[in-house]
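Hello,

Here is the structure I promised to pass on. Please open it first, then read my notes underneath.

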Amino acid sequence: MNGLRAVVVCLVIACAAVVSPGAATAVTPGWSALAVPAAAPPVTVSHLAARGPGEAWATGYEQAGDGLRPMLYRWDGSVWSRDTGFPGAGEPGRLGEVRFVGKQVWIFHERRGAGEILRRSAAGWSAVPLPQALWTYQDFTAVAGAAWVVGEDDTGLKVLHYDGSRWTTQSVPDGVHYVMGITARTATDAWAWADAGSGTSGILHWDGTLWRDAKVALPPDSNVHTILPEPSGRVTIGGSRYIDGAPRTCLTVWNGHSWRTTYPPLGDTSVEALMRGPDGALWLPVRSDRAFQSKYARVDGTRTVFSYGPERPNAIDVKPRALTRAGGRLLSFGTIEIYGSEPNLMSERLGG
C-alpha cells in the first residue's frame, strides 16, 4: 500500500508540474557541442546571425600584440571556420553586428577608429566607409534599402542613415541624449531604444520620414536591452526593472493592439541575446548554475523552461553570448574557460 501511495503522489506532482501555467522547469532537449577554431585570448563575442541552416556568421575581437583584432567565423552547416579575407582583417579593430541584406552579408567594422560596413557578395568583400569618424559606435542595423549606425562625436548624438547610395544624418526627438541600440524590420519600420534623460529609457520609431517617440508604456525604473520586431507585426522589448532595489528581467510585447509587460522567472538575466526560435518561443542564454555546462531559457507565454548544454570536461565557466535561429535549429556562440587556460571560443547547437 505504501508503494502504491508513493506512485500516486509522484504522478500527482508530475501532472501539477505539467499543467501549472507559471511553472519553471529544467529539461535537456539535446544541445550538442560544435568545434570552433581557437582565437587569441582574451576574446569577446559581439554578434551571431544566420540566414538558414547552412550559413551563419559570428563576430567579435581578440587580443593581439598591437591591440584588438577583428574576429570573424563562418558556419557552413557542418563546421565553423575562420574568415580572414575581409578588408582590414589583419589590422587593429573590431567587428560588430551582422545583417543579411538580399543575398549579401553586411557587418559593422571599426577599423583604426573609423567605421565602415563590410559587404560580402558572390564577388567577394567590399567596404562602405562612414561619412565621418565617431568617438563611439554604439550599434548598427541594415535591411533592404536602408542601414543605420548610431553613436557619438564631439557634438553629441549621431544617427547616420545609408539609403544604398549616400549617407545622411537624421534627427531624433528633443530630449533624447543617447541612442543605445537600433534594429529594423524594413526601410520604413525601424526601432531604437534611447536615454530620454534622468536615467529613463524611451522607445523611438522610424516610419520612413521621421523618428518619433513610440509612446511605449515601459515599466517605471526600467532599462531596455533589445527590441525584437517580427514579420508578423509583433514587437518584443526585452529589458530589466528595479524592484525593491534589485533588477528583474521584463518583457514588453506589442500584440497588434496593445503593449503588455510580463516578468518571466529569469532573475536579473540580461536579454541582449533574446531571439524567436523555430518553435515560436523566445530563447536566450542565461547564467548557469553549473560551471561545466551552459544554460538556456525558453519563454513561451507564462511558461519558462530551462535546458543545459553538453557537459564540458574540466570547464570552469561556459558562457554562450549570442543565439540565433538557423533554419529549424538553434545555434549559440560564446566563450568557454577550461581549467588552467584562458577563455576561448565555443559553440553549441540544438536540433539535428
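Of the 352 residues in the chain, 47% are buried. Buried here means under 20% relative accessible area. Please keep in mind that this is a predicted model.

The accessible surface of the chain is about 16400 Å². Carbon and sulfur atoms supply 52% of that surface.

Next, the overall build. The chain holds 1 helix and 29 strands. Its radius of gyration is 21 Å, and the globule rule gives 20 Å for 352 residues. The two values are close, so the chain is as compact as a globular protein of that length. The C-alpha trace spans about 80 × 45 × 35 Å along its principal axes.

Now the contacts. Take those in the chain with a separation of 6 or more. Among these, 42% are between residues 24 or more positions apart.

One sheet is worth a look. It is open and has 4 strands, in the order E15-E16-E17-E18. The pairing is antiparallel. Which strands stand at the edges? They are E15 (178-186) and E18 (211-213). Each has a single partner strand, so one side of each is left without a neighbour in the sheet. From one strand to the next, the twist averages 25°.

Look also at the end of the sheet where E18 sits. Strand E17 covers residues 201-206 and runs antiparallel to E18. How many bridges join E17 to E18? There are 3. Trp-206 stands opposite Trp-211 in E18. As background, strands of a sheet pair through backbone hydrogen bonds.

Best wishes

Methods
Residues numbered from 1 in each chain as written. Predicted model: local features only at pLDDT ≥ 70, side-chain atom pairs only at ≥ 80, totals over all residues. Heavy atoms only, no water. Pairing = 2+ DSSP bridges. Helix = DSSP H or I, 4+ residues; strand = E, 2+ residues; numbered from the N terminus. Axes fitted to C-alpha atoms, helices over the stretch in contact; angles between N-to-C directions. Rg over C-alpha atoms; globule rule 2.2 N^0.38 Å. Buried < 20%, exposed > 50% of the residue type's maximum accessible area, 1.4 Å probe, protein only. Contact = heavy atoms within 4.5 Å. Areas by Shrake-Rupley, 256 points an atom, 1.4 Å probe, with all protein chains shown as cover.
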